[in-house]
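Here is a quick walk through a single protein chain, written for someone who likes to poke at coordinates. Keep the viewer open while you read.

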Amino acid sequence: MTKKITAFALSAMLLALCSAVEAQQPGKVPRIGFLSPFSPSATALWLEAFRQGLRDLGWVEGKNISIEYRYAEGRNERLPDLAADLVRLKVDIIVTAVTPDALAAKNATRTIPIVMAASGDPVASGLVDSLARPGGNITGLSQMNPELAGKRLELLKEIVSKLSRVAVFWNPQDQMSTISWNELQTPARPLGVQLHPVEIRSSSDFDKAFEDATRARAGALAIMPAPVFVTNLNRIADLAAKSRLPSIFHLKEFVDAGGLVAYGTDRSDLFRRAATFVDKILKGTKPQDLPVEQPLKFELVISLKTAKQIGLTIPPNVLVRADKVIK
């Protein structure tokens, strides 16, 4: 009887030892799925900020964590298939950039944790139940500040004092773009600015859109948030300069591409902070227990180089408020 008990105990110890060894196998490296509606070049800075955030927390790509990248290249219709592909790979977490890709990920899985890096309005879009209590398998960060659309219009009015008509590029198929367009109506009247809406759904619409803005005699251009604009920043900036249209967008990358002004959230900061959500989830915290966070950093970036190119002088009271000035 004693021998049988000893043999049983030895077997149990061996089983436990095998399990411990198996848990330490190299094949157990966590795998992150990164889903984006943008192109690799458009997301390069944000992605590096995310990877830096991971490194700060001890996660190094290629060593103790791996990342599978999927880009829709500005074509949102590709997102469902890309999300499904990540689910088939059985990644441990899916990280999304904005709202369309987060929705695609949600529709693809109800079990794999999803971390949003810079979604629009996650409650209105049905991604989470509330910011404080997300519920389900989704959490992360929101760049939700639709009132910034009005502040960008105010900036244009300060920069172009006699401004009376503004062409507004927006995509009616994108939720954040629509919210921002609607938000723009309120400040337009007291500013004495007439809005000329121009719908853009794909990259093939830009030449016609600028012709429309010119015919409407717009004195400036405001661009609402949408992936189709982010993936075409260089083209928009070039066409705006050729049309001599003072232009404003919500991402500093627009000014880096040759645009005039950008005012909005620091998206690199949001992606860096997204890494903390990944870290907590990998360590056992459930997404539903992590409240959705909002932007902490905003920035105003101005290009004096572009201003000179289009024959515009930026008022000193605007320049002094800039976080960055490109000369």
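What follows covers the overall layout, the two sheets, the salt bridges and the nonpolar cores.

**Overall layout**

First things first: this is a predicted model. The chain has 13 helices and 12 strands, and 51% of its 327 residues are buried. Put the C-alpha atoms in a box along the principal axes and you get roughly 100 × 35 × 35 Å. Take the contacts with a separation of 6 or more, and 69% of them link residues that sit 24 or more positions apart.

**The five-stranded sheet**

Start with the open sheet of 5 strands, which runs in the order β2-β1-β3-β4-β5 with parallel pairing. Its edges are β2 (66-71) and β5 (138-142), each of which pairs on one side only. From one strand to the next, the twist averages 20 degrees.

At the β2 end, β1 and β2 pair in the parallel sense over 6 bridges. If you want a spot to zoom in on, Ser-36 has Tyr-71 of β2 as its bridge partner. Add α2 to these two strands and you have a right-handed β-α-β unit, made of β1, α2 and β2.

At the β5 end, β4 (residues 114-119) and β5 run parallel, joined by 4 bridges. Here Ser-119 has Ser-142 in β5 as its bridge partner. Helix α11 (residues 267-282) packs on this sheet and touches β1 (31-36), β3 (93-96), β4 and β5. The direction of α11 makes about 165 degrees with that of β4.

**The seven-stranded sheet**

The other open sheet to look at has 7 strands, in the order β7-β6-β8-β9-β10-β11-β12, and its pairing is mixed. The edge strands are β7 (194-199) and β12 (324-326), each pairing on one side only. Again the twist averages 20 degrees from one strand to the next.

Within this sheet, β9 (residues 247-249) and β10 (residues 261-265) run parallel and are joined by 2 bridges. Phe-249 stands opposite Ala-262 in β10.

**Salt bridges**

How many salt bridges does the structure hold? The count is 18. Three of them are set out below, with the N to O distance for each.

| Pair | Closest N and O atoms |
|---|---|
| Glu-68 and Arg-31 | 3.7 Å |
| Glu-61 and Arg-51 | 3.9 Å |
| Arg-75 and Glu-77 | 3.1 Å |

Take the salt bridge between Glu-68 and Arg-31, whose closest N and O atoms are 3.7 Å apart. Glu-68 lies in strand β2 and Arg-31 in strand β1, so this pair ties together parts that are 37 residues apart in sequence. Glu-68 has 24% relative accessibility and counts as partly exposed, and Arg-31 is partly exposed too, at 26%.

Next up is the salt bridge in which the side chains of Glu-61 and Arg-51 meet. Glu-61 is in the loop between α2 (44-56) and β2, while Arg-51 is in helix α2, so the pair ties together parts 10 residues apart in sequence. Glu-61 is partly exposed, with a relative accessible area of 34%, and Arg-51 is partly exposed as well, at 21%.

Then there is the salt bridge from Arg-75 to Glu-77. Arg-75 is partly exposed, with a relative accessible area of 45%, whereas Glu-77 is exposed at 56%. Salt bridges also share partners in one place: Arg-31, Glu-68, Arg-70, Asp-85 and Arg-88 are joined into one network.

**Nonpolar cores**

Which residues touch the most other members of the largest nonpolar core? Among its 53 residues, they are Phe-50, Phe-169, Phe-229 and Phe-271. Helix α11 supplies the largest share of this core, with 7 residues. That is the helix that also packs on the five-stranded sheet.

Phe-229 is a good one to click on. Leaving out residues up to four places away in sequence, Phe-229 touches Phe-169, Trp-170, Asn-171, Ser-177, Ile-200, Phe-206, Ile-223, Met-224, Ile-236 and Phe-249. One of these contacts, Phe-249, is the residue that stands opposite Ala-262 in β10.

There is also a second, separate core of 32 residues, which includes Leu-184, Ala-188, Ala-220 and Ala-307.

Technical notes. Residues are numbered from 1 along each chain as its sequence is written. This is a predicted model: local features need pLDDT of at least 70, side-chain atom pairs count only at pLDDT 80 or more; totals for chains, interfaces and linings use all residues. Side-chain values use heavy atoms; hydrogens and water are left out. Two strands pair if DSSP finds at least two bridges between them. Axes are lines fitted to C-alpha atoms, for helices over the stretch in contact, and angles run from 0 to 180 degrees between N-to-C directions. Contact means heavy atoms within 4.5 Å. A salt bridge is a side-chain nitrogen of Lys or Arg within 4 Å of a carboxyl oxygen of Asp or Glu. Buried means under 20% relative accessible area, exposed over 50%, partly exposed in between (1.4 Å probe, protein chains only). A crossover is right-handed if, with the strands pointing away from the viewer, the path from the first strand over the helix to the second runs clockwise. A nonpolar core is a set of buried Ala, Val, Leu, Ile, Met, Phe, Trp, Tyr and Cys residues joined through side-chain atoms within 4.5 Å.
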